[in-house]
Each structure stands twice: as C-alpha cells, then as structure tokens.
Amino acid sequence: PSLNLGLGYQWPISGALSLRAELRGYFTLVNSDSSLFCSGGCVVSIRGDGLTQVEALVGLSYGF
C-alpha cells in the first residue's frame, strides 16, 4: 500500500502570470506481510517497513 499527500498554492503576479509552490509527501510500505481472515486468530494484520519521500516544487505558471 502507498499514501500520497500534496499541498500547493498559487500567487497571482499579473493577469496571466502566477508563482506556484507545491509540497508532496509519499509513504509506501515495503517488505510487508499481510493477513486477512486467518482461521484461528487474526482478522486483518499488516506489517511492514515504511519508505518516506518528500518533494518540493516552485515555478511560474502562465495562462493563455
């Protein structure tokens, strides 16, 4: 399983030109074990190590 969360904002500079900023975070389970309906105990069980990544973007946006 993987999870992605992003936030961004756009500041207008002029009528067609804007400054954009974005921040994204990614979380992924790697080397995961999974169980669903085990006959004898477990109902749902997920174990794993997490991999976290973050990226930041800044740029200009021009609308035409």
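A salt bridge here is a side-chain nitrogen of Lys or Arg within 4 Å of a carboxyl oxygen of Asp or Glu. By that rule, the count comes to two.

Before you start clicking: this is a predicted model, where local features need pLDDT of at least 70 and side-chain atom pairs count only at pLDDT 80 or more, while totals for chains, interfaces and linings use all residues. Residues are numbered from 1 along each chain as its sequence is written, and side-chain values use heavy atoms, with hydrogens and water left out.

**Stop one: the salt bridges**

Select Glu-22 and show its side chain. Glu-22 pairs with Arg-20, their closest N and O atoms being 2.7 Å apart. Now add Arg-24: Glu-22 forms a salt bridge with Arg-24 too, the closest N and O atoms being 4.0 Å apart. Keep Arg-20, Glu-22 and Arg-24 on screen together, and you have a network of salt bridges.

Buried or exposed, how does Glu-22 sit? Glu-22 is partly exposed, at 23% relative accessible area (buried is under 20%, exposed over 50%, partly exposed in between, with a 1.4 Å probe and protein chains only). Arg-20 is partly exposed at 33%, and Arg-24 is partly exposed at 30%.

**Stop two: the nonpolar patch**

Next, select Tyr-9, Trp-11, Ile-13, Leu-19, Val-58 and Leu-60 and turn on the surface. Together they form a nonpolar surface patch with about 670 Å² of accessible area (Shrake-Rupley method, 1.4 Å probe). To join such a patch, residues need over 30% relative accessible area and no salt bridge, with nonpolar side chains (Val, Leu, Ile, Met, Phe, Trp, Tyr) joined within 5 Å.

**Stop three: the strands behind it**

Finally, colour strand E1 (2–12) and strand E3 (45–62): each supplies at least two residues of the patch. Strands are DSSP runs (E, at least two residues), numbered from the N terminus. Tyr-9 is in strand E1.

Definitions and conventions
Patches are made of residues with over 30% relative accessible area and no salt bridge: like charges are joined within 9 Å, nonpolar side chains (Val, Leu, Ile, Met, Phe, Trp, Tyr) within 5 Å. Helices (H or I, at least four residues) and strands (E, at least two) are DSSP runs, numbered from the N terminus.
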